[in-house]
Amino acid sequence: MKRTKKSFFVRLMAVLMTMVLVLSGCTQAEKKTDEIEKIKFEMFAWGEAPDEEIVEEALNAITREKIGVEVDIEFYNLNVYSEQIGLKIAGDEEMDLVAIIGDTLELANDGILMPIDDLLDKYGQDIKKVCGDLLYYCTMDGKNYGVPFMGNKKYVTTLNCRKDIIDELNIDPASMMTIDGMEAAFEKVHAAYPEMTIIAPDSEGVIYGYYGIDRENVSHIDFLGGTYYLTIMNDDPTVVDFYETESYKKELKMVQDWYEKGYVMKDSATTDEVGSLSYYDGNLFSYINWQNVYGDPVEPVVHLGLSAITYPTYSIPIADDVVSSADTLGVGISSNSKHAEACMKWLNLLFTDQEMCTTLGFGAKDHHWQLREDGLAEYCEGIEPGNSGWETGFNWSIGNVGACYVFTSVSDDPDYNKKQIAANDTATRSIAYGFCFNYEPVETQMAACDSVVEKYALALESGSVDVDTLLPEFIAELKAAGIDEVVQEAQRQLDEFLAQKK
Amino acid sequence: MKHKQTSLSKSRHYSILYLMMVPGLLYLLINNYLPMVGIFIAFKKLDYSAGIFKSPWVGLRNFKFLFATSDIWIIIRNTVVYNIVFIILETVLGIWVAIMLADLANQHLARLAQVTIILPELLSLVICSYIVFAFLSQENGIMNNTILPALGLRPIGWYNEKGPWPVILTIVYLWLNIGSQAIIYLASIVGINKELYETADLDGASRFQKVIYITVPCIKPTIVTLLLLSVGSMFYSSFGLFYLIPHNSGMLFDVTATLDTYVYNALMHKNNVGMASAAGLFQSVVGFILVLTANKITSRLDPDNALF
């Protein structure tokens, strides 16, 4: 039951798999140099990649010509990615490009990533153009440490539940968008299926807690780049300790109530079993997660993600969609890289070159996929999506999804991906987007706070203990551990960040 | 034919033995001594872009987090008190079981009993944690669903209630470790001269008297050695026992947190090598003091059995 930020993001990954995108960008050729620079690229993905060499060669064929750079991809499954990178860091191995998933905060804090502002100015003009004001995605002490993934960056909290049961019991899915409606539905389902678990926690044992859904008072919440106790709510630039808020208490009370009514798995705080996995066995009615959304999330949608493989699923939005600072997918450059300039050139091309972007996401052209005459892409004959030999699972995680060809399996609209990215402009943008907390001044306090959180949070959030007695104890211990100093420091840095942004 | 050995020929004589010592020494050197160089990391803020040696010194700042909460005293108490209880019970019960095994007349039965007792020791603690979970689970556990209702008691939220855990952990520990202890004691009991017991029988000694006046004094060296070994690691705890068996349930930390689990929980998030080294150093220093103290006491009481 580790509460790491990594798995917080792994959680989204599963659902994000289905996205694909498009858009064309102009390819910008640069002068070919005689010497070919070789860079390494630490990359994560959801699947396996036996065809790594073919894809590398396809990429290199493009980049060798245009910018004189070759890439050597170090491909890791997402499950082991963070550990593998950790090992490389501990061994002080030289890295170049490093894909980032959720742990930017630590990487930037420990000096593992280098600030890239100058490089962006010199070699990353196209990246700047594509990203616009989303560029500054990990800003610590005024310096930017990474290039964001460019795609649909809107996230929304959804309740994912079994469509068949909802239909059978004549529940209006739209009614479940409010807490009252949700509870009414739970009651009905519980009465009809008393053996079934109504709602299960995610991989970290969280049922409701961090999804921050006190909708009447909080339209969106930002966990400041992935810290759990530092949050800002709505557009109020005041940093608050999430655990002290009324919203948190309200949620705990609600989950406790669910626990007592028998909606929740009793052992959820102590099993390592991921509760939501039992969804696939049919023993679970619903689970909550935080996912990337297409289009307009105000209506319940029948979801096409992973869980839909076994059961048709309604994804019911229960909070507003938001582009927050916690969206930390991207790529950075290792501080011990000797090829930082080549890395930036390579990234810059990735952001604009259609074939290169599609290759990184889907495999080699004419081997894994082919271009149709109408400008859409499709898989080659005999290549199965899901088992293609280059299974990134998500083509969008690195670079600019807008520069990829649209696959016919996703949409017939050649502008599909452009629209995805345009959606970012209409979403609520957290004022703290891009803020990265430099926790060095309060490291001691944070380590102490972490151990207090470890002690209380999971039990409280599982609903199995008495909120009224334990929550005050929890808050008091956090205070003793120095949470106020951490909040103050975060506030100071955030104020600075916001002042700079203006 | 006798002749006096020179020291040279003596060392030649033993050279093969020295050679056999080399792998062990190398292992000690690489595994136990070389990493000690890294101790200085405990006093640094590690900055990967600067490298280990150029990272800035921060004095004792890395140690602060250990004492940032009052928990440290609870943690030290847990670590030490559990170890004392374990050592005492393990020794007493180990000897007791060994004596019973030695008294079993049926050899087949004795063998069977030995194997059964030592079997849990071969289990991985992860498996043990699920065996315990099978008893204590709220949803399907044997305790809450079968045993407690049969006794007319209310189910207990085992992983949220601190009360029973010192007992549960002790039982699990003994279940796991009593076997090997008993076997070691059994080995020395078997070595006791049978005539002593026969004489005692002639004098009309009771079974209990034989144990107190013959068995225990005869195996005293074994007891002292095993005790000393345990005391040396008094400031260390079995990470698996305290982390896996309670499923790292936060509600139980007051009675299950030991230095090892605290450090693990506090530092898993941040990968902070400096703080981790600081915690390790602290543990080693206190452990070292404990070994010295234990040895001192032993050499007072029984100089022959002290380690140095």
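Chain B is more spread out than a ball of its length would be: a compact globule of 308 residues would have a radius of gyration near 19 Å, but chain B comes out at 25 Å. That radius is taken over C-alpha atoms, and the globule rule is 2.2 Å times the number of residues to the power 0.38. Along its principal axes, the C-alpha trace of chain B spans about 80 × 75 × 35 Å.

A quick word on what you're looking at. This is a predicted model, where local features need pLDDT of at least 70, side-chain atom pairs count only at pLDDT 80 or more, and totals for chains, interfaces and linings use all residues. Residues are numbered from 1 along each chain as its sequence is written, while chains are lettered from A and ligands numbered from 1 in the order in which they are written.

**Confidence**

The model scores ipTM 0.72 and pTM 0.75. For single residues there is pLDDT, the predictor's confidence in each residue, from 0 to 100. Chain B has a mean pLDDT of 83, with 93% of its residues at 70 or more. Chain A averages 77, and 79% of its residues score at least 70. Here is where each chain does worst and best; helices (H or I, at least four residues) and strands (E, at least two) are DSSP runs, numbered from the N terminus.

| Chain | Lowest mean pLDDT | Highest mean pLDDT |
|---|---|---|
| Chain A | helix 1 (residues 5-16), 42 | helix 14 (residues 467-481), 91 |
| Chain B | helix 13 (residues 259-267), 77 | helix 7 (residues 165-190), 91 |

Take care with the start of chain A: pLDDT stays under 50 over residues 1-33, for which the model has 99 contacts beyond four places in sequence. Two residues are in contact if their C-beta atoms, placed from the backbone, lie within 7 Å.

**How the chains are built**

Chain B has 14 helices and zero strands. Chain A mixes 15 helices with 19 strands. Chain B is divided into domain 1 (1-33) and domain 2 (63-305), with bounds that come from an automatic or database domain assignment. The centres of those two domains, taken over C-alpha atoms, are 37 Å apart.

How much of each chain is buried? A residue is buried if 20 or more other C-beta atoms lie within 10 Å of its own, exposed if 12 or fewer, and partly exposed in between, with C-beta atoms placed from the backbone. Of the 308 residues of chain B, 29% count as buried; in chain A, buried residues make up 56% of the 502. Contacts also reach along the sequence. Among those in chain B between residues at least 6 apart, 70% join residues at least 24 apart. For chain A, residues 24 or more positions apart account for 80% of the contacts with a separation of 6 or more.

**Helix 5 of chain B**

The 12 residues of helix 5 (residues 125-136) of chain B should span 16 Å at 1.5 Å a residue, and its end C-alpha atoms are indeed 16 Å apart. The expected span is 1.5 Å times one less than the number of residues. Ser129(B), Val132(B), Phe133(B) and Leu136(B) are buried in this helix. Seen down the axis of helix 5 of chain B, the buried residues fall within an arc of 105°, so they line one face of the helix; the arc is that of the directions from the helix axis to the C-beta atoms. They pack against helix 6 (142-150), helix 7 and helix 11 (239-244) of chain B. Turned away from that buried side are the exposed residues Ile127(B) and Ala134(B).

**Helix 10 of chain A**

Helix 10 (residues 340-350) of chain A has 10 of its 11 residues buried, so it is largely enclosed by the rest of the structure. Among them are Trp346(A), Leu347(A) and Met344(A). Met344(A) has 23 C-beta neighbours inside 10 Å. Leaving aside neighbours within four places in sequence, Met344(A) is in contact with Ile116(A), Leu119(A), Leu120(A), Tyr123(A) and Gly124(A). Met344(A) and Gly124(A) are 220 residues apart in sequence, yet 6.3 Å apart in space, C-alpha to C-alpha.

**Two positive phi angles**

Asp366(A) has a phi near 65°, a positive value in a residue other than glycine. Asp366(A) lies in the loop between helix 11 (354-362) and strand 17 (369-371) of chain A, and is exposed, with 10 other C-beta atoms within 10 Å. His247(B), not a glycine either, has a positive phi of about 55°. His247(B) sits in the loop between helix 11 and helix 12 (253-256) of chain B, but this one is buried, with 22 other C-beta atoms within 10 Å.
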